[in-house]
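Me: Got a model open here and I'd like to go through it with you. Can we start in the sheet?

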Amino acid sequence: MTSSFWQDKSVLVTGHTGFKGSWLCLWLNLLGAKVYGFSLNPSTSPNLFAVARVSEVLIQDQRGDIRNLEAIRNAITLVQPEIIFHLAAQPLVRYSYQYPLDTFSINVTGTVNLLEAVRQCPSVQTIIVVTTDKVYANRNWIYPYRETDALGGQDPYSASKAMVEILVNSYRSSFFNTENSPKLFTVRAGNVIGGGDWSADRLIPDCFRALTQGTPIDLRYPQAIRPWQHVLEPLYGYLLLTEKSYKWHDNSYLGAWNFGLLVGQEKTVQELVEKLFQLWQKSTIINVTQNTHLYESEVLRLDSSQAICKLGWHPCWSVEEALEATVIWYKTWLEGQDMQEFTSQQIDTYQSMLA
């Protein structure tokens, strides 16, 4: 990436108050972009958006519901962004079982609204729609999934994101199909970890709460394999893809992109937890509480060959390094340090490895 590309670029981030959105806003600010946000209020307390004072780096911090077409249309009309990162979503699998209507309306209708609003805004050049590694028809095979593999989704969350993939492809073919149209991409990443995540039913926040409160940690599927990665890894991919998109005139690049670990680097849930305990230098009781009536994939791997070959993207941190950075972040927060400064320092450290 080059800072000169991002200097003074007008960038709208939907879902900017979330975990991944907050990290992205801080990174865009460091690159010199003019960052605008559109989102609901943070869903947890504490949250990274408040802890790292992300609002201080924004040109505009607008609160609104992506399901409200007029609200997102007005926001885009006001900002006139060149680049949009669409992260606003209901991102939790187990929540989707409890609230399927919310999940489908936020993820699917919200994306339709965004794309409809963009059709009326000629300033937009590139749109990055964030989906998930769970969009694939998971057969629990050992092979990593490629962008050309079949879509699916047994749980409501995965199904909603697979629907988003189909929706984006439809809009690309139907409405964003001329030389002057915005370039429209979907991006699929693995299970992200990093400092500042306090979401419910996520492994690292659950471990952090258990370790600091002295309570047991409940693991539903300890032998499940996931492509764990630090949040900066896929964000680097999103930023790099955006920058490269300005140079491409070949429609074969438009479509979906995987950003996952190198094959063979995946860890089971239990392996990740044990490594985290080792880094924290403290442990707690592990309870295995399988909920067999709620489907969750046993094995999930991504093939990132396309991003590696066509973008020059590559993961920089091993799972162990990602965990170490995460543990250090939470310990630094517990010490009462300036977390905007520290989070920015972690971004700088990561970025220095890209040279």
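Reply: Sure, take β5 to begin with: Thr 126, Ile 128 and Val 130 point one way from the strand, Ile 127 and Val 129 point the other way, and all are buried. Buried here is under 20% relative accessible area, exposed is over 50% and partly exposed is in between, with a 1.4 Å probe and protein chains only. Helices (H or I, at least four residues) and strands (E, at least two) are DSSP runs, numbered from the N terminus.

Me: What kind of model is this, and how are residues numbered?
Reply: This is a predicted model, where local features need pLDDT of at least 70, side-chain atom pairs count only at pLDDT 80 or more, and totals for chains, interfaces and linings use all residues. Residues are numbered from 1 along each chain as its sequence is written, and side-chain values use heavy atoms, with hydrogens and water left out.

Me: OK, back to β5. Why is it largely enclosed?
Reply: Because 5 of the 5 residues of β5 are buried, it is largely enclosed by the rest of the structure.

Me: Which strands pair with it, and over how many bridges?
Reply: β4 runs parallel to β5 and is joined to it by 4 bridges, and β6 pairs with β5 in the parallel sense over 5 bridges. Strands count as paired if DSSP finds at least two bridges between them. On the β4 side, Ile 83 has Thr 126 as its bridge partner, while Val 130 stands opposite Val 187 in β6.

Me: And what's the strand order of the sheet?
Reply: It's an open sheet of 7 strands, β3-β2-β1-β4-β5-β6-β11, with parallel pairing. β3 (60–63) and β11 (255–259) are at the edges with a single partner strand each, so one side of each is left without a neighbour in the sheet. Neighbouring strands are turned by 20° against each other on average, direction ignored.

Me: Which helix packs on that sheet?
Reply: Helix α9 (residues 232–245) does, touching β4 (83–86), β5 (126–130), β6 (183–189) and β11, and its direction makes about 160° with that of β6. Touching or contact means heavy atoms within 4.5 Å. For the angles, axes are lines fitted to C-alpha atoms, for helices over the stretch in contact, and values run from 0 to 180 degrees between N-to-C directions.

Me: Switching to helix pairs. How do α2 and α13 cross?
Reply: The axes of α2 (residues 19–31) and α13 (residues 339–352) come within 10 Å and cross at roughly 70°. That makes α2 roughly perpendicular to α13, a label for 65 to 115 degrees; under 35 is roughly parallel, over 145 roughly antiparallel and the rest oblique. From α2, Trp 23, Leu 26, Trp 27, Leu 30 and Leu 31 meet a set in α13 that includes Thr 343, Ile 347 and Tyr 350.

Me: Same question for α4 and α6: what's the angle?
Reply: The axes of α4 (residues 69–79) and α6 (residues 100–118) come within 9 Å and cross at roughly 40°. That makes α4 oblique to α6. The contact is made by Leu 69, Ile 72, Arg 73 and Ile 76 of α4 and Asn 113, Leu 114, Glu 116, Ala 117 and Val 118 of α6.

Me: Asn 113: buried or exposed?
Reply: Asn 113 is buried, with a relative accessible area of 8%. Leaving aside neighbours within four places in sequence, Asn 113 is in contact with Ile 66, Arg 67, Asn 68, Leu 69 and Ile 72.

Me: Last one: what comes just after α8?
Reply: Gly 214, which takes a positive phi of about 70°.
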